[in-house]
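Reader: I would like a close look at one part of this model. Please take me through the sheet, strand by strand.

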Amino acid sequence: MVRDNKRLTAGYLLLVITSTLFLTGCWDRHEIQDRSFVLAVAIDLADQSDEPNPLETFAEGSGQKPLRLSLQVLALSPQRRGENTASKTYVLSNTGRSMHEMLRDSNGQNSKPLWFEHIQSIIISEAAVRKFGLTPLLDFFRRDAEIRWRTKVYITPQEAKPFLYFVPPTGEPGGVFLGNMSRSVKDIHIAGTGTDLGATSARLDNKVDIVLPVIQMNDKQVKIKDMAVFKKDKFVEYWDEYTIKGAKFLLGIEKAALIAFSCPVHPEQTIVFEMFQQKTSITPQVDGDQISFHIDITMRGNIGEISCSGGHDATDKAFMDHAETMFAREVQQNIEYALNVMQKSGVDDAGFSRRLKAYEPKTWDKVKDRWDEVFPTIPITTDVKISIQNTGEHK
């Protein structure tokens with residue numbers, strides 16, 4: 001019995017010793033100070049910049065170098081206790097025809113290996129995307145296992161590289177600041193939801209239309225403004241903020257939105273509704289060969305602002321009923337405006353095709369090969385209901 005216990009103890013000890021062999025750390029570990037973290041990427045046409053720098057390219061047998069790839073890299077430096085200084089970054093650039101080749105050759109300008117797991121934003125110039133489309137410009141970033149799907153993708157009508165030199169007022173690295181800008185949940189003018197690398201990759205794979213936020217810079221200020229619209233992966237046009245707002249109402253993806261209308265009694269003043277809950281239902285209707293859609297939208301929220309000085313009592317039921325009607329009318333007009341823009345451009349951003357496929361599969365089979373022609377002709381009706389739940393702390 002004693003001998004068996006000794007054997008069992010020896011067996012346990014051998015198991016413990018053996019298991020520790022697998023807990024000795026990562027075989028390919030690199031210290032943080034031995035890496036260069038890429039925070040943002042800018043893609044331009046090579047001829048968008050000034051005279052090419054001979055150190056920002058490489059020789060090869062044949063072929064043109066139409067693209068310029070620029071990287072914003074975090075400059076790690078020791079910081080004293082209590083010291084609060086702005087994060088420093090520097091920019092590397094290269095020209096070529098392959099993203100992978102340009103990235104590898106950029107190591108020749110750097111003292112440490114480039115690390116891509118922390119890329120926050122990819123900025124592509126309109127000129128580059130007009131010439132090549134999205135697919136070839138994003139292919140490397142979609143394949144590389146280091147790059148995260150939450151990386152934000154922006155389009156700019158300007159040159160993309162200057163955004164990498166932007167110094168945020170917050171002191172954080174520029175790439176991080178730019179990546180976080182489109183993650184706001186309380187700005188209905190920003191096309192943020194479903195515009196990261198993962199969602200864009202899924203749309204490219206499914207060959208559906210794509211929308212991406214537009215970023216612009218003026219002197220030392222940047223702003224997300226408008227939305228770039230793609231037919232499959234080909235650039236079509238820009239949509240303004242009012243269209244973005246209507247599209248978000250259609251999709252029912254906004255968790256907090258402000259809706260304003262001019263006071264009928266004081267036209268120079270404004271009454272604002274703050275929406276905090278929305279339900280959207282888009283239903284296809286088929287009558288023979290005629291396809292139509294009906295959209296039902298219900299919203300709940302509060303009175304956010306009445307700028308008419310002492311002109312209205314927010315506790316008066318007649319006033320509140322009238323306000324609900326006016327808010328609903330404003331939302332309906334906004335949606336109809338966005339629908340007109342979508343159908344005119346032939347871009348099905350609201351996913352009407354998906355709903356037709358789900359609810360009326362037989363009809364979808366008849367029109368799927370010519371949906372681009374059918375969609376602009378489809379009648380779409382809307383019905384909006386708004387319920388004001390609260391008027392705030394002041395009547």
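Author: Two strands pair if DSSP finds at least two bridges between them. With that in hand, start at one pairing in this predicted model. Phe293 has Ile380 in strand 13 as its bridge partner. That contact belongs to the pairing of strand 12 with strand 13 (residues 380-390), which is parallel and counts 10 bridges.

Now step back to the whole sheet. It is open, has four strands and follows the order 10-11-12-13. Its pairing is mixed. Strand 10 (257-262) and strand 13 are the edge strands, each pairing on one side only. From one strand to the next, the twist averages 35°.

Next, strand 10. It pairs with strand 11 in the antiparallel sense, over six bridges. Here Leu258 has Glu274 in strand 11 as its bridge partner.

Glu274 also stands opposite Asn302 in strand 12. Strand 11 (residues 270-287) and strand 12 (residues 290-306) run antiparallel, joined by 16 bridges. They form a hairpin, with two residues between them. Gly288 sits in the turn and has a positive phi of about 70°.

Helices meet this sheet too. Helix 7 (residues 241-251) packs on the sheet and touches strand 10, strand 11 and strand 12. Its direction makes about 60° with that of strand 11. Helix 9 (residues 352-359) lies across strand 11, strand 12 and strand 13. Helix 9 runs at about 45° to strand 11.

Key:
Residues are numbered from 1 along each chain as its sequence is written. This is a predicted model: local features need pLDDT of at least 70, side-chain atom pairs count only at pLDDT 80 or more; totals for chains, interfaces and linings use all residues. Side-chain values use heavy atoms; hydrogens and water are left out. Axes are lines fitted to C-alpha atoms, for helices over the stretch in contact, and angles run from 0 to 180 degrees between N-to-C directions. Contact means heavy atoms within 4.5 Å.
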